[in-house]
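Open your viewer and let us walk through this structure together, one selection at a time. Each stop gives you something to select and says what you will find there.

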Amino acid sequence: MSSATPTTGSAAQAQRLTERPAWKALEDHYATMRNLHLRQLFADDPHRGERLTAEAAGIYLDYSKQRITGETIRLLMRLADECGLRERIAAMFHGERINVTEKRAVLHTALRAPETAQIVVDGVDVVPAVHALLNRMAAFSLQVRSGEWQGYTGKRIRNIINIGIGGSDLGPVMAYEALRYYSRRDMIFRFVSNVDGTDFEEATRDIDPEETLFIICSKTFTTLETLTNAHAARAWSLRKLGDDRAVRRHFVAVSANAEGVSRFGIDTENMFGFWDWVGGRYSMDSAIGLSTMIAIGPENFRAMLAGFHAMDQHFRNAPFAQNLPVLMGMLTVWNNNFFDAQTVAVLPYERYLKRFPAYLQQLTMESNGKHVTLDGTCVAYQTGPIYWGEPGTNGQHSFYQLIHQGTKLVPCDFIGFCQTLNPIDSQHDLLMSNLFAQAEALAFGKTGDEVEAEGTPGWLAPHRVFEGNRPSNTLLVKRLTPRTLGLLVALYEHSVFTQGTIWDIDSFDQWGVELGKALAQRVAPELEGMDEPPLKHDSSTNALIRHYRHLKNGPL
C-alpha cells in the first residue's frame, strides 16, 4: 500500500492490508464465525434485532441479519482506524488531491454545501461559484417551466431530452424516475445515452422539434457517444426548423468546453459548467442535474441537496460504530473479503427506485473495480463486488430463488419506505410485508425438521429446505422525498469511499473504460465502405469484422 500522506493516499499505508493487526484478528475471528448460523446468533441474544441498528438523518439501518457479532464490528472499526479512514475523510472534505492518478481533489460534497460554508481548493473558496451556478440553473429551469423560454417558432417547450452517457445519464434518469411523483406531468422527459440509433429514434419518434429542448451533457464536449447523439439531435431538429439559428433555442449544454459548445451552435450563455473535482458518477447534484431541476423544480432540487449534505455531515462527524456509510462499507468488506461474497443485491421495495440499482452499478463498480493500490502495486485480495438488483416484488419472481437456495452467497440491501406516495387500499402493507418476510426467510430459512413437520413427503423435503444464514441489511425511511433520495445516494457514495479506503485503491478514477473506447475508434473506419481495408487485429476480431461487413453489405 501507499506510504504517502493523506493528499495522495490514506495515512499510515506503508503496511499492506493483509498484514495489519486488525486484518489478522479478523481472519482469526472469521474462523469462529464462518459456521455460526444466524438462528443461533439470534437465539443467544434476544435483543440483537434492537441492538445491531443505527439511525441518522431519517434513515434506520438494521444490520442484525449480518453474520456478525459485536466483536466483528469492533474489529472492523479497528481496521478502519488502522487504514486511516478518518484521515482520508478529512482529506476529501478539505479538498486534498486524493484522486492520485489524475491529481485531482474529490469534492462532490461541495456541490451540496450551504452558502455559509467555505471550501478552499488551490487557494479559492469554491462555494460561491457552486451557488452561482445553482442560481443560474434555477433561473433557467423556472423560465422553461413557466413557458417564458420558447422554441424558435415561439412554441412552448414541452419535451426535455437529456443526452449524455455514464454519470451524465445514469444520475439524471435515476433521479427523474425516483422523483417522478414530484415532476411536471404536462412535460415529457426522456434520456438518450446509447450510441445505438434506436435509443435516439425511440426518444424522438412521437414528439415535435418545435417543442423540444435538448440538454447535451459532456464535460469535455468530445465524448463520442454523446456527441454522436447530439449531432443526430441537431439534424433531427433542423429538418423541421430549417434555420441553424434555431439551435440556440433548442439546445443547451452542460460542459466545461466553451469552444466546443460554441462550435456546435449552442450559445455559451446557455452553457452550465462544472469542475474537474466533480467525477462523472458523482455529478447528479451538479449542473448534470439540470433536467432533474426542470422536472421537479428548484425548490425540490435544493431539498435533495439538503439530503446529500445531511448525510455528508453524518459521515464526516459521527463515530464509526454509529456511522451509516462506515457500517455499510465495512460490512461489505467483511462479506467480500472473508465470506467471499462476490456480489451485492440492492432491492428497493419502491417502484420509483427502479433505476437505483443501475445507478449504483456505475457508482460502485466504476469506483472500486480496481486491481492495483494507490502506489500501483497489484492487490492480493478481492476489491469491489458486483452490484445488481431490481425492485421488489418483481425480483422475487425472477432471481430470489438463487439467493434463497442457490450455491452463491449474495448479501442483500433491502430498502423500504414506511409511507407510500400512492396509497391504494392495503397494497403498501402487502409490499412491505414481502420485504420483511424476505429478509427473515433469508436469515433463518427452513430446516428439514420444519419441512417434515408440515407433512412434506421425504423425497420432496430436501427441495423445500432453505439453508438460511444469508446476510442482509434493511434500510427503512419514512417516505420517498427529494431529501431522502439525496440521503440515500450520499449514503452509498460514502460507503463506496469507505470500501476503497480499506482496499487502498483510487475510487475516483476510471481508466478501465478507456481501452475499449480507444480500440473502437480504430475499428469504426474498418466497418465502413465496400472495400475491405487491411485488418491487423487478432484472428477472432478480423473474422468478426469480415462477417459483419459481409452481412451489412448484402441484400436486406
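A residue counts as buried here when its relative accessible area is under 20%, and as exposed when that area is over 50%. Keep in mind throughout that the model is predicted.

**Stop 1: unusual backbone in three loops**

Start by selecting Asn469, in the loop that runs between helix H19 (461-464) and strand S13 (472-477). Is Asn469 buried or exposed? Its relative accessibility is 8%, so Asn469 counts as buried. Look at the backbone too: phi of Asn469 is positive, about 65°, although the residue is not a glycine.

Now jump to Phe221, which sits in the loop between strand S7 (212-217) and helix H9 (224-241). Phe221 is not a glycine either, and its phi is positive, near 55°. With a relative accessible area of 6%, Phe221 is buried.

For the third loop, select Gly392 and Thr393 and show the peptide bond between them. That bond is cis, with omega at about 10°. Thr393 belongs to the loop between strand S11 (386-388) and helix H16 (400-405).

**Stop 2: a proline in H19**

Go back to helix H19 and pick Pro462, which lies within it. Pro462 has a relative accessible area of 57%, so it is exposed. If you draw a C-alpha to C-alpha distance from Pro462 to Glu452, you should get 9.6 Å, for a separation of 10 residues in sequence.

**Stop 3: two helices side by side**

Next, colour helix H13 (residues 298-317) and helix H20 (residues 482-503). Their axes lie 7 Å apart and make an angle of about 35°. The crossing of H13 with H20 is right-handed. Turn on side chains to see who takes part: on H13 the contact residues include Asn300, Met304, Phe308, Met311 and Phe315, while on H20 they include Arg483, Leu487, Leu491, His494 and Phe497. By class, the residues of this contact are 13 nonpolar, 5 polar and 3 charged.

**Stop 4: helix H5 and its neighbours**

Keep H13 and H20 coloured and add helix H5 (residues 85-93). Which residues of H5 are buried? They are Leu85, Arg88, Ile89, Ala91, Met92 and Phe93. These buried residues pack against helix H4 (70-82), H13, H14 and H20. Just after H5 you will come to Gly95, where phi is positive at about 80°.

**Stop 5: the pockets**

Switch to a surface view. The largest pocket holds about 910 Å³ of space. To centre on it, select Thr223, Gly280, Gln510, Val513 and Lys517, which lie nearest the centre among the 35 lining residues. Helix H7 (167-178), H9, helix H15 (356-368) and helix H21 (514-523) are the elements that each give two or more residues to this lining. Colour the lining by class and you will find 12 nonpolar, 14 polar and 9 charged residues.

The second largest pocket has about 370 Å³ of space. Its lining is made of 16 residues, with Arg351, Thr420, Gln427, His428 and Leu431 closest to the centre. By class, this second lining has 6 nonpolar, 8 polar and 2 charged residues.

**Stop 6: the enclosed spaces**

How many cavities of 30 Å³ or more are there? The count comes to 2. About 100 Å³ of space lies in the largest cavity. Of its 14 lining residues, select Thr332, Asn335, Val344, Pro411 and Asp413, as these are closest to the centre. Helix H14 (324-337), strand S10 (343-348) and strand S12 (412-417) each supply at least two residues of the lining. H14 provides the largest share, 5 residues. The lining of the largest cavity divides into 7 nonpolar, 6 polar and 1 charged.

Finish at the second largest cavity, which has about 30 Å³ of space. Select Leu111, Val130, Leu133, Leu134, Trp275, Asp285 and Ser286 to show the residues that line it. By class, this lining comprises 5 nonpolar, 1 polar and 1 charged.

Definitions and conventions. Residues are numbered from 1 along each chain as its sequence is written. This is a predicted model: local features need pLDDT of at least 70, side-chain atom pairs count only at pLDDT 80 or more; totals for chains, interfaces and linings use all residues. Side-chain values use heavy atoms; hydrogens and water are left out. Helices (H or I, at least four residues) and strands (E, at least two) are DSSP runs, numbered from the N terminus. Buried means under 20% relative accessible area, exposed over 50%, partly exposed in between (1.4 Å probe, protein chains only). Axes are lines fitted to C-alpha atoms, for helices over the stretch in contact, and angles run from 0 to 180 degrees between N-to-C directions. A crossing is left-handed if the near helix is turned anticlockwise from the far one by less than a right angle, and right-handed if clockwise. Contact means heavy atoms within 4.5 Å. Ala, Val, Leu, Ile, Met, Phe, Trp, Tyr, Cys and Pro count as nonpolar, Asp, Glu, Lys and Arg as charged, and the others, Gly among them, as polar. On a 1 Å grid over the protein atoms alone, a cavity is a set of points where a 1.4 Å probe fits but cannot get out, and a pocket is an open set with protein on both sides within 12 Å along at least five of seven lines; lining residues have an atom within 4 Å of a point. Grid points are joined across faces, edges and corners, and a volume is the space filled by probe spheres set on the points.
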